[in-house]
Amino acid sequence: MKLLAIESSCDETAVAVVENGRNVLSSVIASQVEEHKLYGGVVPEIASRRHAESIVGITNQALEAANCKLEDIDAIAVTHAPGLIGALLVGVNFAKGLSMSTGLPLIPVHHLRSHIAANYITYKDLEPPFLSLVVSGGHSHIIEVKSYTDFNIIGKTRDDAAGEALDKAARTMGLPYPGGLNLDKASQNGNINAYKMPRPRVDGSEYDFSFSGLKTAVINTIHNAQQKGENIDVADMAASFINAVVVCLTENLEKAAKEYGYTKIALAGGVSANSMLRARCEQICKNNGWQLYLPELSLCGDNAAMVGSQGYYEYLAGNIAKLDLNAKASLPIDYEICK
Ligand code: KG4
Ligand code: ZN
């Protein structure tokens with residue numbers, strides 16, 4: 001079964017053709033990063049307009065690269081939530097138009113579910129159940145993946161997402177957008193113990209995160225140094241800050257895996273590209289004798305191949321949308337499917 005998959009939840013317009021959830025026949029991404037770089041972050045209205053301009057061309061490229069015509073496609077999958085509403089609406093409406101004109105089923109795909117599914121493409125034999133740490137620009141979750149379409153949130157951030165905190169720290173250090181990636185690069189020769197970072201406390205759930213205090217700490221340290229005319233060592237600061245975020249993420253992940261009895265761990269989302277996070281997870285899994293799944297770097301950020309993968313399993317579970325499908329800026333990963 002071949003799916004045409006569409007992703008437009010943030011600043012990448014992406015279309016892919018994916019066979020049976022695992023085999024990527026084509027995956028085309030038009031990134032808007034150079035334009036948003038001018039403003040230091042994603043400007044939602046610009047993102048929507050660029051999606052509208054490029055979505056038809058990117059779809060044609062994806063079909064051509066897969067050596068397919070629309071007649072060869074069996075269903076249309078589209079990211080419908082969560083994300084920037086204006087950006088999502090471009091993909092959703094385009095997918096609805098395609099579904100209406102071809103009569104093909106329309107499959108709604110949750111963005112975080114698709115990030116997890118990036119692992120199904122990298123590891124053809126990976127099947128649920130497993131535990132996933134989903135870390136992106138907007139979300140930080142520890143999730144039980146009970147089946148392809150059954151999820152249970154064990155822990156989540158109470159305030160900022162990990163990616164959001166990394167982006168903000170990078171910006172304060174004067175690093176260009178996209179912050180997380182440039183912070184990762186800057187940290188490569190840094191000392192993780194050079195700057196002392198607070199250890200955030202979260203009352204209530206032992207698996208929840210809080211990153212806003214860490215973010216404020218790094219901003220204050222930099223501003224104080226600037227006022228005193230002192231220089232900040234960017235490599236050391238980047239390494240110390242990323243380490244603080246990674247410690248929070250991995251401590252809770254390890255605790256959750258032990259408590260819930262998982263020995264298969266999968267990372268997902270844009271921040272799963274981070275070199276320190278990947279290395280620390282490798283160490284933890286090695287120490288415990290667990291199996292670690294890391295999506296290949298090209299599948300960590302937003303792309304449509306992962307939408308085509310998750311879309312296949314949504315289709316098998318009967319998650320088919322009607323043509324009044326709407327985009328949603330927020331939607332929990334464990335939402336109820338209306339059949
Ligand atoms: O999943 P994603 O591409 O988009 C959302 O769904 O939000 O995640 C984007 C986030 C951004 O915060 C970006 O800075 C972060 O992922 N990111 C990284 C790295 N590459 C991207 N963070 C740390 N290290 C990286 N190498
Ligand atoms: Zn994403």
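**A zinc site and a small-print cavity**

Author: Helices α8 (234–260) and α9 (275–288) each give at least two residues to the lining of the largest cavity; helices are DSSP runs of H or I, at least four residues, and strands are runs of E, at least two, numbered from the N terminus. This is a predicted model, where local features need pLDDT of at least 70 and side-chain atom pairs count only at pLDDT 80 or more, while totals for chains, interfaces and linings use all residues. Residues are numbered from 1 along each chain as written, and side-chain values use heavy atoms, without hydrogens and water.

Reader: What volume does the largest cavity have?

Author: A cavity is a set of points on a 1 Å grid over the protein atoms alone where a 1.4 Å probe fits but cannot get out, and lining residues have an atom within 4 Å of a point. The volume is the space filled by probe spheres set on the points, which are joined across faces, edges and corners. For the largest cavity that comes to about 40 Å³.

Reader: Which protein residues are donors of the zinc ion (ligand 2)?

Author: Donors are N, O and S atoms within 2.8 Å of the metal (3.2 Å for Na, K and Ca), and water is not among the atoms, so sites may look incomplete. Here the donors lie 2.0 to 2.1 Å from the ion and follow the spacing H-x3-H-x186-D. They are His111 (NE2), His115 (NE2) and Asp302 (OD).

Reader: Is aspartate 302 buried or exposed?

Author: Buried means under 20% relative accessible area, exposed over 50%, and partly exposed in between (1.4 Å probe, protein chains only). Aspartate 302 has 16% relative accessibility, so it counts as buried.

How values were computed:
Chains are lettered from A and ligands numbered from 1 in the order in which they are written. On a 1 Å grid over the protein atoms alone, a cavity is a set of points where a 1.4 Å probe fits but cannot get out, and a pocket is an open set with protein on both sides within 12 Å along at least five of seven lines; lining residues have an atom within 4 Å of a point.
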